[in-house]
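Colleague: Mind walking me through this model? I'd like to start with how a pair of helices sits together.

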Amino acid sequence: MNIEPTIYLIDDDAAIRDALMLLLNLRGLTAESFSSAELALAKLNRDSRGCVLTDLRMPGMSGLELLAEINSREINLPVVLLTAHGDVATTRAALRGGAFDFLEKPIDEDILVDVLTHAISEDARGHQKRLQTETQLARINTLTQRERQVLTLLGRGLQNREIAIELSISPRTVEVYKARMMEKLDCSSIADVVKMSLLLDGSSRS
Amino acid sequence: MHGGRSLSSRDLFTRFIQATRAAMVPHSSTTQNSVKPVRASPWVIALYFAIHVALDAVSYVQPVLKLGITPLSPQTGLVLAFLYAYRGNFWWVAAAFLVSEIVIRGIPMHFWILPLQVISITAIYQVAAWLLRKKVPMESVATLSGTLKFIAVASATAITAGTASVGLYTLASLVPTDQFASALARFWVGDLNGILLLTPLLLRLADISLLLRAIVTRPAAFAGVLFGLLAAFTLVFLVGNPGDLRFFYLFFVPAISAALIWGIPGFLLAALALQISLVAGVQRLSEVAPLVDLQFLMSTLLVTGFALGAVVTERENSARLALQREKQLRDSEANLARASRAATTGELASTLAHELNQPMTALVSYLRASEIMMADGSRTDARLAPTLRKAADEALRASDILRRLRNFYAGRDPQLESLELQPIVEKLVEALRRSERSGVESIVMRIDPNLPPVHADRVFIEVILSNLIANALDATTGLAEPVIEVAARKSDKAVHLSVDDNGRGVSDQIQGDLFKAFITSKSDGLGVGLAVSLSLAEACGGELHLAETSLGGAKFEFVLPIDSERRESP
């Protein structure tokens, strides 16, 4: 799945949409515009890549409400907010809500492009990381009950002998499980194993 | 007799005044301070001593039975004021009584009476001063109740002191028993007048200085009171039969006038002038009425004037207080108004910033885009010309917002003209559709093709209609199938232009205040739209009201008068 990163521009003002679309295209960025947050949400999903650039004040769903909705739907796109008046309260609410950045209208084009580029690469990095985690979690899922237990105990820093006592099996058997587990998880060192066990902890906790 | 007062004695006088005022201060704040006795400085004591003896000497007129019971004892007023201000000077007061007694009246045959009399009288005045400090502080002698209490204390003091003195004389058989009552009356009236006149005068010198300033502002009234005193004096002592006191009541006119004009301080000053002239008159003229009769009349005058003055002073004070409170209230109201105006202005500024930033943002972006297109000099981008035109449009849009705002504030008069409604409505809706604002596609128009011309202001109609449509758009945002119906129909005398929608409708909560400014259900709205619309509708001679919706949301109806109707009516 290789989707080109897109800037999802949301503003109720037609002229702003038109002007920013033109400008972004001229700067070589792919953008798509929506006249309301509701319309944008209909299009956005977890596979969308790029970032959201939205006006704060709109009839219907506001920019902050859109930000909250994007977070709750785990769309995972960085959100850049546009506002006509950067009052402290709104800025704080936006940043607390997890906004990537906050820009004041009228926008300096260079700053806009800079912020959007950063947002897109941040999204790509985040996406990459999520993909990696998913692969590793998939690998962990192939482990048997015993292999999983060995992984957990290794992650706690236990030695083979201690694991054997803990699981009431022979140290020799532990060695076998350990080797099979490391092969399945594509781990070459104990350090990798510990990292994987942390991932296991994180996923089982969540 | 004070004509030759030297510089140093004037100094002394000033000190006395200052000390008196200083002694007054603790009473105005706390009464607890009065526990500590206050002693006068030697200079003040010396001054007191001198004045005490001098007053006694001056008023030594028509004594009875050569015992020194005069019908006037101004020194008692001084003594009470002195003991009120400096409560630790009992023995000095006793000494002053003793010395003036010996100097003026000589040592009586039964010399043992003298120390007894002096000590008992001083003690009585000490108690009176204590009573005044505790119960009737001088500041309260500005209200009627305080003044009446003060008169009561003065009267009781005089009668007690009189009983003690005359009783001693009677015991010593210096006064025949059958003359006890008349001697006591003389004593009483003399002491009472002395206290009533001098004690408040001496203790409230600050008021007197205020009074002098008040007199300057009303010289005619002052001249009138002065003339009245002189005229009454002339009539009582020079024209009328001196033994006949019928004319005494003439003194009431200037004295009570002073009380009515300047309150207690004014009355006291007039009464002082009167008392001085009485003593002078009695001493000058060979045949006059007995001073004691005059003094009884004087007491009546003093009590009456005092009470009247208190009423006036009290009313003045309460009027001043009311004025102060009113000013405070006005100040706080002004502050509130300023605060709410500031808040409104702030909100307005923020709305304006948002409104203006929209075209500005688009304008800046179009111009930057044009710049980028032109930077590639090799070929001309076909998009350049339309982009520049759009930039110009945005600049016009910004200036249009400013013009609308200016008109809103200028509140210009309506320019009523005969107008065809249909093209105005169609043009406006068309412009809205071009704006691509979300929801505009849901606008349906239902306009009677045979509408008569209306008599109204074109801009006002546009503002009202765009406001109503904007409200409808807001109310229907997020609906799956928003419907906004702009309709126009005619009735007998008017054209009904309405905007109906299937949105949220108007909550009961704000329905009553719907057309008031700053009432809004929108979190980001200013709440002036309908208020402005209503005033514009009324300025056209029309109406704007909430009507029965047929779509389920809210229907606003703007009723415009038909043009022909206008022409027929005068």
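Modeller: Sure, H7(A) and H8(A) are roughly perpendicular to each other (a label for angles of 65 to 115 degrees). Keep in mind that this is a predicted model, where local features need pLDDT of at least 70, side-chain atom pairs count only at pLDDT 80 or more, and totals for chains, interfaces and linings use all residues. Residues are numbered from 1 along each chain as its sequence is written, while chains are lettered from A and ligands numbered from 1 in the order in which they are written.

Colleague: At roughly what angle do the axes of H7 and H8 of chain A cross?

Modeller: Helices here are DSSP runs of H or I with at least four residues, strands are E runs of at least two, and both are numbered from the N terminus. Axes are lines fitted to C-alpha atoms, for helices over the stretch in contact, with angles from 0 to 180 degrees between N-to-C directions. The axes of H7 (residues 160–167) and H8 (residues 171–184) of chain A come within 8 Å, and the crossing is roughly 105°.

Colleague: Which residues of H8(A) make that contact?

Modeller: Contact means C-beta atoms, placed from the backbone, within 7 Å. H7(A) brings Asn160(A), Arg161(A), Ile163(A) and Ala164(A), and H8(A) answers with Pro171(A), Val174(A) and Glu175(A).

Colleague: Which helix gives the most to the side of chain A that touches chain B?

Modeller: Across that interface, 23 residues of chain A are in contact with 28 residues of chain B. Nine residues on the chain A side come from the top contributor, helix H1 (residues 14–26) of chain A.

Terms used
Angles under 35 degrees count as roughly parallel, over 145 as roughly antiparallel, 65 to 115 as roughly perpendicular and the rest as oblique. Two residues are in contact if their C-beta atoms, placed from the backbone, lie within 7 Å.
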